[in-house]
Structures are given as C-alpha cells and as structure tokens.
Amino acid sequence: EMWGDVAQARSCRKAGAAWRQLIGRRQASLEAARPRVVAMYERIEAGSLAGGDKEGALLAQTCATFFLLLEGRDAHPLAHATAYLPAACPLGGGGGGEGGGEGGVAALEPALPSLEPSLLRDAGLPYLSLYKSKVALWGGYLLAQWGVARAISLDETATMAQEAADLRNAHAWSIPTSAALAAMCRHSPLVELAAGNGLWAKALLERGADVLAFDTEAWQLSFAAGGGAAGGG
C-alpha cells in the first residue's frame, strides 16, 4: 500500500504541486468511506502484518512515512533513517542524487545507526510503551484510510501531530530505549543539561548510573537569543 502513496507524492512534486493538496481534494470521498475505513482498521488491528517486534515496527514506520509525505520530506536524506524494516520502506535511502539529499543537504557522516524492531521492546519503560501504542493506533488507522480511499484525513493527522507535541512537552522530546540507556550507563557518571522533567535521568538512575540533571525552572528568552551563558547561575 505504501509504495503507491510515495510514487504519487513524487509525481506531484515533479509537477510542481504538493501531495497535501491532492489529498485535500479527496477529503469528501474519504469521509463518505468512513464506515469502510473503520472496518479496515478493525481488520488490521485484529490481524497480523508481520508478527512479534516487527508488527509495532512496521506500524511505526508507516506512521512516519505518511507524515513525511504530508510535509514533503520523503526525499530528505534522513527520511530512510525512520525505517525499522528497510525492505518494507518505500522512502529512498539517499535523497536527491549525487549532490546530496533534499535541497542539497548532504547525508550525515558517519551515518546514523540503523533502527531495529527490537528497540521497541519496552522493558518497563512507560514512555516507550506509550509511543508504541500511539504509533500503532495512528499507523494502522492511516493505513486503513489509504487502503480504502487513497487518502488520509488532514484534520485527524493535525490532531495526531498536536497530541505528539503535547506528549513531547509532557514527557521528553526523545524516547528512552533499553539499548540507549545501557549505552549511556557505560559512560557513567553523567551530567544532563536541559533535562526537562528528568525522565531520562530517572531511567538512568534506576539502572545504576550516577547522574546530575539540570534545567531552568522556566523557559528563558535569553537562551533563544543565544545569550544563555549570560548572568551565570
């Protein structure tokens, strides 16, 4: 299913149009197909796309692919780095050809480590468990919409994006995994700056790391202006 939407988005880009505009013109047809979408989602939820760790991984990268397409970022050199299962990912690995990726942006060197489905094993990590449940819901529902109507709801994707931002603000902007925490523990003692509400520091402490975590009590405009060091503290 996903290969068709990526090919369509790239055809739109070649024609100087945005895929979001094409999807916008299909919203009425999508709404009319709502009962079929719900039935399709229930089939996806009850069935098995891959099994085991791969099930959640496939839904997570499906969700990421739709959002990259909506924002016109499917050709970005890091787009393929969102894939847990590269063979099932329709996004290109290198972006825009020999000159680098989208907009002339060169790929990172060294390359980012590959994502693995096993990273999604929550191992007692509540935020990771929450992430898995959300992307499974969102990825499955967007896949059902696309499978039935060859469209996704712009209103519902906007709601998903807002909820994702709310979750980041409430918890953390990155999600601890067992592998990441284990790697950081090997470098203990640690100092964490901009620690937010301390979610990472707490998880590290629970695993035996020695951590000092710092953050400001409230957002300070001086940091946005590049004057974060002024005044000390």
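Rings of Phe, Tyr and Trp (for Trp, the six-membered ring) make a pair if their centres lie within 6.5 Å; planes under 30 degrees apart are stacked, over 60 edge-to-face, and the rest tilted. Keep that handy for the first exercise, and bear in mind that this is a predicted model.

**Exercise 1. Aromatic rings**

Task: Work out which residues form one aromatic cluster, and how the rings of Trp19 and Trp146 are arranged.

Solution:
- Start with the count: the ring rule gives three aromatic pairs.
- Take the pair of Trp19 and Trp146, whose ring centres are 5.9 Å apart with 50° between the planes. An angle under 30 degrees would be stacked and one over 60 edge-to-face, so this pair goes down as tilted.
- Now place the two residues. Trp19 sits in helix α2 (residues 19-24) and Trp146 in helix α6, so the pair links distant parts of the chain, 127 residues apart.
- Check the surroundings: Trp19 and Trp146 are both buried.
- Finish with the cluster, which consists of Trp19, Phe66 and Trp146.

**Exercise 2. An aspartate in a loop**

Task: Find Asp74 and list what its side chain pairs with.

Solution:
- Asp74 is found in the loop between α5 (53-70) and α6 (126-149).
- Its relative accessibility is 0%, and since buried means under 20%, Asp74 counts as buried.
- Look at its neighbours next. Leaving out residues up to four places away in sequence, Asp74 touches Arg10, Arg13, Leu68, Leu69, Ala79 and Leu91.
- Two of these give polar contacts between side chains: Arg10 at 3.2 Å and Arg13 at 2.9 Å.
- Side chains of opposite charge can pair when their charged atoms come close.
- Asp74 and Arg10 do form a salt bridge, at 3.2 Å from N to O. Arg10 belongs to helix α1 (residues 2-14) and Asp74 to the loop between α5 and α6, so the bridge ties together parts that are 64 residues apart in sequence.
- Compare exposure across the bridge: Arg10 is partly exposed at 27% relative accessible area, whereas Asp74 is buried at 0%.
- Put it together: Arg10, Arg13 and Asp74 are linked in a network of salt bridges.

**Exercise 3. Two more salt bridges**

Task: The whole structure holds 10 salt bridges. For Arg34 with Glu156 and for Glu206 with Lys202, say how far apart the partners are in sequence.

Solution:
- Arg34 and Glu156 meet through their side chains at 3.1 Å, N to O. Arg34 is in helix α4 (residues 34-46) and Glu156 in helix α7 (residues 154-170), so this bridge joins parts 122 residues apart in sequence.
- Arg34 counts as buried at 19% relative accessibility, while Glu156, at 25%, is partly exposed. The cut-off for buried is under 20%.
- For Glu206 and Lys202, the closest N and O atoms are 2.6 Å apart. These residues are four apart in helix α9 (residues 199-206), so about one helical turn separates them.
- Glu206 and Lys202 are both exposed.

**Exercise 4. A nonpolar patch**

Task: Which residues form a nonpolar patch on the surface, and what is their accessible area together?

Solution:
- The members are Val191, Leu193, Leu212 and Phe214.
- Together they have about 430 Å² of accessible area.
- To place one of them, go to strand β2 (residues 211-213), where you'll find Leu212.

Key: Residues numbered from 1 in each chain as written. Predicted model: local features only at pLDDT ≥ 70, side-chain atom pairs only at ≥ 80, totals over all residues. Heavy atoms only, no water. Patch = residues over 30% accessible without salt bridge, like charges linked within 9 Å, V, L, I, M, F, W, Y side chains within 5 Å. Areas by Shrake-Rupley, 256 points an atom, 1.4 Å probe, with all protein chains shown as cover. Salt bridge = Lys/Arg side-chain N within 4 Å of Asp/Glu carboxyl O. Helix = DSSP H or I, 4+ residues; strand = E, 2+ residues; numbered from the N terminus. Buried < 20%, exposed > 50% of the residue type's maximum accessible area, 1.4 Å probe, protein only. Polar contact = N/O pair within 3.5 Å; in protein donor to acceptor, adjacent residues only side chain to side chain. Contact = heavy atoms within 4.5 Å.
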